[in-house]
Structures are given as structure tokens and as C-alpha cells.
Amino acid sequence: ERGETVRITFVNDTAFPHGIHLHGHHFYELAADDSLGDLRDTTLVAAGESRDVLCVFDNPGRWLIHCHMLSHAIGGMRTWVEVT
Ligand SMILES: [Cu+2]
């Protein structure tokens, strides 16, 4: 819901790095000790690693999340969230 703060873990269980981009919002990358890192709309998740981010979903609508490599997004590395 609008205004909700959500922690998301992007898990990369592939052999390639993926730059994951969220439309409509920015989020903070979280360090291993949960401290806030950079404010971004895209985060690079290395092969075999995961990345936690913290996002305040304050922009209503349906927003795409996808890999920034077009071939990956076309191949299915995309989904969406709805903020109501
Ligand atoms: Cu990718």
C-alpha cells in the first residue's frame, strides 16, 4: 500500500550479473550490516549473490521491475508491483 516501506531481496542464482531496475521509485541498497547505502533506481546483483534494498512505495500505480539487459527482460526477467 502507498507509503509502505518494503525490504526486497534480489537473489541472483545465475552465472551472470544483472542490473535490476525499478520504475517509479528509488530505493536504498542495504549493506551486510543493514546500514543504508546509495539511493538508486537500479542495483547490480553479481552472479551467485543477493542484494537487499529498502524502498518506500509512495507512488501509486503499476511499476515494472526488470533486468536492464533487454535480452534478459525479454527472456522473462521482469515482473511488476502495484502500489495502491
Ligand atoms: Cu539480466
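## Burial and the cysteines

A residue counts as buried when its relative accessible area is under 20%. In this predicted model, Cys55 has a relative accessible area of 0% and is therefore buried. Cys67, with a relative accessible area of 1%, is buried because this value also falls under the 20% limit.

The structure contains 0 disulfides. Cys55 takes part in none, and the nearest cysteine sulfur, belonging to Cys67, lies 18 Å away. A disulfide requires the two cysteine sulfur atoms to be within 2.5 Å, so this pair does not qualify. In general terms, a disulfide is a covalent bond between the sulfur atoms of two cysteines.

## The copper site

Three protein atoms are donors of the copper ion: ND1 of His18, SG of Cys67 and ND1 of His72. Their distances from the ion run from 1.9 to 2.1 Å. Along the chain, the donors of the copper ion follow the spacing H-x48-C-x4-H. The two histidines link distant parts of the chain, since His18 belongs to strand 2 (residues 18–22) and His72 to helix 1 (residues 70–74), 54 residues apart.

His18 and His72 are both buried. Cys67, the sulfur donor of the copper ion, is likewise buried, at 1% relative accessible area.

## The open sheet and strand 2

Four strands form an open sheet in the order 5-2-7-8, and their pairing is antiparallel. At its edges stand strand 5 (42–45) and strand 8 (78–83), each of which pairs on one side only. On average, neighbouring strands of this sheet are turned by 20° against each other, direction ignored. Strands of a sheet pair through backbone hydrogen bonds, in either a parallel or an antiparallel manner.

Strand 2 and strand 5 run antiparallel and are joined by 4 bridges. His21 is located in strand 2 and stands opposite Thr42 of strand 5. Is His21 buried or exposed? With a relative accessibility of 11%, His21 counts as buried, because the limit is 20%. His21 and His68 are 47 residues apart in sequence, yet their C-alpha atoms are 6.2 Å apart in space.

## Pairing around strand 6

Strand 6 (residues 50–57) is joined to strand 1 by 8 bridges, and the two strands run antiparallel. Within this pairing, Val6 stands opposite Cys55 of strand 6; Cys55 is the residue described above with a relative accessible area of 0%.

Strand 6 also pairs with strand 3 (residues 27–30), again in an antiparallel manner, through 2 bridges. Here Glu29 faces Val53 of strand 6 as its opposite residue.

## The largest pocket

The largest pocket has a volume of about 220 Å³. Its lining comprises 15 residues, and those nearest the centre are Phe10, Val11, Ile20, Ile65 and Met77.

Which elements give two or more residues to the lining of the largest pocket? They are strand 1 (4–11), strand 2, strand 7 (61–67) and strand 8. Strand 7 gives the most, with 3 residues. Strands 2, 7 and 8 are also members of the open sheet, while strand 1 is the partner of strand 6 described above.

How values were computed:
Residues numbered from 1 in each chain as written. Predicted model: local features only at pLDDT ≥ 70, side-chain atom pairs only at ≥ 80, totals over all residues. Heavy atoms only, no water. Donors = N, O, S within 2.8 Å, 3.2 Å for Na, K, Ca; no water. Buried < 20%, exposed > 50% of the residue type's maximum accessible area, 1.4 Å probe, protein only. Pairing = 2+ DSSP bridges. Axes fitted to C-alpha atoms, helices over the stretch in contact; angles between N-to-C directions. 1 Å grid on protein atoms, 1.4 Å probe; cavity = no way out; pocket = protein on both sides within 12 Å on 5 of 7 lines; lining within 4 Å. Points joined across faces, edges and corners; volume = space filled by probe spheres on them.
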